[in-house]
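Got a minute to look at a structure together? Let's ask where some of the labels come from.

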Amino acid sequence: MSDRTMARQVLLFICFLSLSSALGQVSYSIPEEMAKGSLVGNIAQDLGLDLKRLKSGKARIYTGDSAEYIELNKERGVLLIKERIDREALCGQTTPCALHLQIILENPMEFYSVTIEVTDVNDHSPSFKRDEMRFRISESAVTGAVFVLERAMDLDVGINGLQTYLLKPTDNFLLKLQSQADGSKLVEMVLQKPLDREKQEHLSLVLTAIDGGDPQLSGTAQIHITVLDANDNAPVFTHKIYKGTVIENALKGTVVTTVSASDLDEGSNGKVKYTITNTLDNVPELFEINETNGEVRVTGNIDYEKARHYQIHAQASDDGGLTDSCKIDVDVIDINDNKPLINIMSKLTSLSENSNPGTVVTMINVQDPDAGENGKIHCSINENIPFTLKSTNNNFFSLVTDGDLDRERESEYNISVTCADEGVPSLSSSVTLSLQISDVNDNAPVFEKSSYEASVQENNTPGLSIFTVRARDADFNQNARVSYILEDSSVNGVPVSSLVSVSADSGVIHAVRSFDYEQIKDFQFRVKAQDGGSPPLSSNASVKIIIQDQNDNAPQVLYPVQSGASVVAEIVPRSADVGYLVTKVVAVDVDSGQNAWLSYKLQKATDRALFEVGLQNGEIRTVRQVTDKDAVKQRLTVVVEDNGQPSRSATVNVNVAVADSFPEVLSEFTDFTHDKEYNDNLTFYLVLALAVVSFLFIVSIIAILSVKCYRWRRERMFYKSGANLPVIPYYPPLYADVGGTGTLQHVYNYEVCRTTDSRKSDLKYVRPCSESIISLDTSGTQTLTHAQRERLNFDDCGDQQKPPSADWRFTQNQRPGPSGTASVLLTLLPVPLCRAAATPEVAMGTGPWPNPPTEAEQLQALMAAANEVSEATNTLAPGTMGLTTRYSPQFTLQHVPDYRQNVYIPGSTATLTSNQQQPQQALPPPQAVAVAQPEPPKAAQTPASKKKSTKKEKK
C-alpha cells in the first residue's frame, strides 16, 4: 500500500468521524467473543444525556429484526454485552464488521444511531476442506509445470486470517502463491525437478496453511502424487477470466456461462474434464459445471440480498493429470422481489384532543433489501385526516399531527401507513395504526332551548314536578356529566329557591310550595347546567313559570253592604213602573278569566213576581207595576255565582221598602226587626259547644274522683299509724331588736305544738329571707291583690317599730267554740320589710311605736279579736269554725298583754307558748289547716270592739 493511499484512507476516516458526530452518532469498537455483561461504552456520557432522561424517556435499543447482542443499562447509562458475539457468524469475511442500532427515547421522541465495530480475534485456525489431495502427474511433465492446490479456509480476517502456506518436502516441487484481486491467494505447486516414475512412483507432500495471529495457528493437508506415464501437454483455457450474469431467483438449470479448454494431446491425454474448485464459499451449492462441455448452470437459489457477486474457480484436467484453471465472475441482477418491511419503533395509543400540531404520534422504520430503484421507498397515509408523515432520516419516518384534533368530531383514527418501492412492478406493504383521541373539557353543556316556558295550576301540592330542562354535553365521561343548579335570584323580594327547586341530576323542576295565582301570576328564573370537568364549564337557560288560575275564590259582594248594626233598605215608590231600577248588586271575584265571570240570580224573595235580577249586571228591577196590595217590607236574597268549575257563590240580602214617603218607611221600619239569618253552620257550632261542655264535665268528674281517692289513701295511711305520731314543733322566726334602741333585750321563740291527730290538717309555711306576715283563714283560698300588697308594703316601709318585751297568751276560757272540732289553716305569707335583715330574726313592726299601751288598751284589743272569731264561727257549719287574725299597724302581736301563760288560738287546739326551755304538749285536735289570707292594713271592727272603744273613751 502506497503512502498516498494510506493518507487518503486516514482523511476519509476523519471525515467519517466528523460526519458521525454531526449526525448524533456514536461509534464503539469491541473485540469479538467478549463475555456477557462486559462494558461496551458509556452511552449517556458520549451522547450528553442525563441518567434521569434515560429513565423518564424509557430509553431502549432498537435493532430491527437483527439479533440483540447489546443491552442498555439505564441505571448506569452504559451499553453491555447481552449475548456472545461471533464475528465470523455475524459478518463472515466482511470487514469491517459492525452492529448498527438505535437508542430510542420518548417524551419527547428522540433516537440516536450507535455503531459498534466488532474486531476479529484469532480464534480460528486455517483448515482445508479435504485432508488429502491427490494428483496424477506424468513423468513427462516439464519443469515449471503448475499444479493448483486446494486453498485453506480461515474464518478470521485481517492479520488473524490466512497469511501464507508451506510445502514440505521441496525436492521436486515449489510452492507458488499468487495474490488475487479480492485479496485471496492462489496456491500453486510448481514442478522444479522432473519426475521419474521408475525411481519414485508415489510422492507424499505436506501443505501447511499459517495465519498471522499471535500465537500463530495452522492447518495441514496431505498431497499424494502418482507419477504417470508421459503426457506432455496440459489443457489450456481460452480465457483466464470469464464473465457472466444471472437474474436473482433464476430457475435451476439456467446457464450462466460456458468455459472452454483445449489439450493438444491425443487420445485420453487430450480429453479435458471441467470441475469447480471453490472450497471457501457456497458456490458449489449454487452452481455446477458440465464436465464435458464446460457449461456453468444454476443449481441453487440465487438471492441478490445475500450476495450480489460470485467468483467461480474452474479447472480443466486431462486424463494425464495436467490441468489448467480459470476464473468466472458472475454478477447477480436484482429484481424487485422484496416488499418494504415496516417496523414500528414507538407509538402512542391515545392522544389528547388539545395536542399541538406537530406532535409525534408514531416513529416508523422501513426497510427494503432490494437495490436501486427497487429499494427506493416512499410512504403515505390515508387522506382527509389531520396527520402527516415526515421523513426524519434514511428510511425513518415520523407520524405527526397536522391540524387540530376534535374528539367530538372524531374519537378514533385508524391510520393506514402504506410504503411502496419504485420497482416494476412496485411492491408495497401497509400497517394500520389505531389512535384513540382522549377527551378534554372543551365543550360547555348546551340546553335544548335558550328559554323554557311551563305552566302549573295554582294550589298545587309542594314537591310537584313542573317541568324538565335538558342540556347536552358533547364531551365524554366525567366531562359530559351535567349537573343542574338553580341560580340565585328573587321574585318580589322572595328567593326563587323558596318557590322552586331543580334536581341536580335529572333537571326536573319541582314546586317547593303551593302557588297562589292571586299573589303571583308568573315568575322567571335561570337554571345553570354545569359539567363535571376541571375546570367545569357551564351555560344557563331562562325558565318562565306561568301560574294558571283555579276557581278558589268565591265572589265578594261590595254593595249593598251587609251590617248587623243597622238596617239598610231600598225605597221603591208605589208609582214605580215596570223595569224600575231598585238597586244594583255589585260583586267582584279576585279570580281571573271565566272564573271571574259573575252571574246574578234571585234565590228568595218576599214576592218573586215583583222583582227580577239582571243575570249579568246584578240590577234589581221591577217586573210589574207596584200595587197597593204589595207589602211595604220586601226581602230579597240574591245569589252571585261565578263561572268556574266547580262554581262558587255568595248571597246577599236586600231589604226593599215599598212606600211613597220617608215617614211611612220610618214608621214601618221601627217594627222592622232583624230577622235572624239562616246560618248553615249553626248546627255545627251547637254540636261543638255541647261536645266541649261534655268534655269539661267529664274531666271535672275525673279530677274530683282522683282528689277523693288521694285523700282517702292518705287518711288510711295516717290512721294506720295510730297515736304514735310524734309532736311536730313549729319554730317561728326569732324576733330581735334591729333598731338599736335596746327596747327588746331578749330573743323569743314562739312554738306551735300540734296534736297527734294533726294528720287531718295541712301546714304551709313560706318564708323568704326577709319577709314575714301571719294570716289565718279557714278557707285557704283568699290571696292578696296587687293593690293590697302595695298598701302593705307602703305601710310597712315606715320606721321600724320595736316589739314589746312581754309575751302574750290566751287563757283556756278565752277559746270560743267547741274545742277539738275546728279546722284551722295556718299560712305564712311573705310581706317585704323596708329594713329587712339577712336573718329571720327581723321584727314584724310596720310603723313607729307609740307610747307603750296600757293594760286596758291591750285587753280591749284582745276582746275585739275574740268577738271577730265568734261572729265568724256563727256562719260556719256544725263541726267547723273559722278564725281570721289580722296583724296590722293597728293591731299586732305586741298589743297582746303579757300574761306569761299558754296562748290558745280560738277554734284550734294549737297552743302558742313562750317557754324557750321545753315545748308544751298540745291537745290532740281533729284537724289543723294553714291558710294565708292577706287583708287590708286596718282590721275591721266588730260591734263588740266598738263597745269597748266607747267605754274606753268614757273612762
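Here are some questions and answers about bonds, burial and rings.

This is a predicted model, in which local features need pLDDT of at least 70 and side-chain atom pairs count only at pLDDT 80 or more, while totals for chains, interfaces and linings use all residues. Residues are numbered from 1 along each chain as its sequence is written, and side-chain values use heavy atoms, with hydrogens and water left out.

Q: What makes Cys 379 and Cys 419 a disulfide?
A: The label needs a pair of cysteine sulfur atoms within 2.5 Å. Here the sulfur atoms are 2.1 Å apart, so the pair fits.

Q: Which parts does the pair of Cys 379 and Cys 419 tie together?
A: Cys 379 belongs to strand E27 (residues 377–381) and Cys 419 to strand E30 (residues 412–421), so the link ties parts that are 40 residues apart in sequence. Strands (E, at least two residues) and helices (H or I, at least four) are DSSP runs, numbered from the N terminus.

Q: Why is the disulfide of Cys 379 and Cys 419 called right-handed?
A: Because the torsion about its S-S bond is about 110 degrees.

Q: How many disulfides does the structure hold?
A: Two. A disulfide also joins Cys 91 to Cys 97, with an S to S distance of 1.8 Å. Its torsion is about 65 degrees, so this disulfide is right-handed.

Q: Why does Cys 379 count as buried?
A: Buried means under 20% relative accessible area, exposed means over 50%, and partly exposed is in between (1.4 Å probe, protein chains only). Cys 379 has 17%, so it counts as buried.

Q: What about Cys 709: why is it called partly exposed?
A: Its relative accessible area is 45%, so Cys 709 falls in between the two cut-offs.

Q: How do you know that Phe 147 and Phe 173 form an edge-to-face pair?
A: Rings of Phe, Tyr and Trp (its six-membered ring) pair if their centres lie within 6.5 Å; planes under 30 degrees apart count as stacked, over 60 as edge-to-face and the rest as tilted. These two are 5.9 Å centre to centre with 75 degrees between the planes, so they are an edge-to-face pair.

Q: What makes the charged end of Lys 521 sit over the ring of Tyr 517?
A: NZ of Lys or CZ of Arg must be within 6 Å of the ring centre and within 35 degrees of the ring normal. The charged end of Lys 521 sits over the ring, 4.9 Å from its centre.
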